[in-house]
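Work through the exercises below with the model open in a viewer. Try each task before reading its solution.

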Amino acid sequence: MMLYFLKRHAPWISSFILGAVLVIGGGYMIVQGAAVRDRLQDELRAEQISTSQDSSRPGVLVDDAETAQAQADVIKEHTLGTWGPYSALPRDDPRRAQFIDGVTLRTALNLAVMGFGITQLVIGAGLLVLVAGLATLFLATPGLYFLAGVVVQRESAPRLTTS
């Protein structure tokens, strides 16, 4: 009796559990990715950084990856274009501190750009996992249920022998 139960029900039950885990995991990834993206936007907005007039998007609040990258590019152009690389500045040059400030702000903006990219990646991966879970629940689980019933029926059917 237990062997019959395992043959008949174990495949579709395990498929159902796997599908449910994938749906929950995908949903969690999507929610967490969106939450981190929103937090990044809130933090950028709180800094009240506006893009400079010579950026690709002048005079807008930095609150997404595009505007953060635009402002980081302008800062890089201003520091490297004006003074050259940091290593070329003499040790006693008073502009070294200003250059470091620019590098620090540029690094923070580039980290925001990477953060937005990572959140997009997590949301996209979550969508894929969610779709895989739904496919498992609605395609594989019923298929295994009916297939297991057919296999068990064939095994329990009387066999014809010829002598």
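Helices and strands here are DSSP runs, with at least four residues for a helix and at least two for a strand, numbered from the N terminus. Read that way, the protein runs α-α-α along its sequence. The model is a predicted one.

**Exercise 1. Overall form**

Task: State how many helices and strands the protein has, then compare its radius of gyration with that of a compact globule of 163 residues.

Solution:
- Step 1. Count the elements. There are three helices and zero strands.
- Step 2. Take the reference value. A compact globule of 163 residues would have a radius of gyration near 15 Å.
- Step 3. Take the value for the model. The protein has 29 Å.
- Step 4. Check the box. Along the principal axes, the C-alpha atoms fill roughly 105 × 30 × 25 Å.

**Exercise 2. Surface, burial and charge**

Task: Find what share of the 163 residues counts as buried, and describe the accessible surface and the charged side chains.

Solution:
- Step 1. Apply the burial cut-off, which is under 20% relative accessible area. Of the 163 residues, 27% count as buried.
- Step 2. Take the surface. The accessible area is about 10900 Å², and 66% of that belongs to carbon and sulfur atoms.
- Step 3. Count the charges. The protein carries 13 positive and 14 negative side chains.
- Step 4. Locate the two sets. Their centres lie 17 Å apart.
- Step 5. Turn to the contacts with a sequence separation of 6 or more. Residues 24 or more positions apart account for 59% of them.

**Exercise 3. Thr 136 and its surroundings**

Task: Is Thr 136 buried or exposed, and which residues beyond its neighbours within four places is Thr 136 in contact with?

Solution:
- Step 1. Place the residue. Thr 136 sits in helix α3, which covers residues 95-156.
- Step 2. Classify it. Thr 136 counts as buried because its relative accessibility is 13%, and the cut-off is under 20%.
- Step 3. Follow the side chain. The Thr 136 side chain reaches the backbone oxygen of Ala 132 at 2.8 Å.
- Step 4. List the contacts outside the four-place window. Thr 136 meets Ser 15, Gly 19, Leu 22 and Thr 141.
- Step 5. Move along to Ala 140, also found in helix α3. Ala 140 is partly exposed, since its relative accessible area is 32%.
- Step 6. Compare sequence with space. Ala 140 and Ser 15 are 125 residues apart in sequence, yet 6.8 Å apart C-alpha to C-alpha.
- Step 7. Confirm the contact. Not counting residues up to four places away, Ala 140 touches Ser 15 and Ala 135.

**Exercise 4. Three exposed positions**

Task: Place Tyr 28, Gln 48 and Ser 87 in the fold, and explain why Tyr 28 counts as exposed.

Solution:
- Step 1. Start with Tyr 28. Tyr 28 lies in helix α1, residues 2-47.
- Step 2. Use the cut-off of over 50%. Tyr 28 is exposed because its relative accessibility is 54%.
- Step 3. Add a distance. Tyr 28 and Gly 115 are 87 residues apart along the chain, with C-alpha atoms separated by 18 Å.
- Step 4. Go to Gln 48. Gln 48 belongs to the loop between α1 and α2 (65-83), and is exposed at 58% relative accessibility.
- Step 5. Check the backbone. Gln 48 has phi near 55 degrees, a positive value in a residue other than glycine.
- Step 6. Finish with Ser 87. Ser 87 is in the loop between α2 and α3, and counts as exposed at 68%.
- Step 7. Add its distance. The C-alpha atoms of Ser 87 and Glu 77, 10 residues apart along the chain, are separated by 16 Å.

Conventions: Residues numbered from 1 in each chain as written. Predicted model: local features only at pLDDT ≥ 70, side-chain atom pairs only at ≥ 80, totals over all residues. Heavy atoms only, no water. Buried < 20%, exposed > 50% of the residue type's maximum accessible area, 1.4 Å probe, protein only. Polar contact = N/O pair within 3.5 Å; in protein donor to acceptor, adjacent residues only side chain to side chain. Contact = heavy atoms within 4.5 Å. Rg over C-alpha atoms; globule rule 2.2 N^0.38 Å. Areas by Shrake-Rupley, 256 points an atom, 1.4 Å probe, with all protein chains shown as cover. Lys, Arg positive; Asp, Glu negative; His and termini not counted. Charge placed at Lys NZ, Arg CZ, Asp CG, Glu CD.
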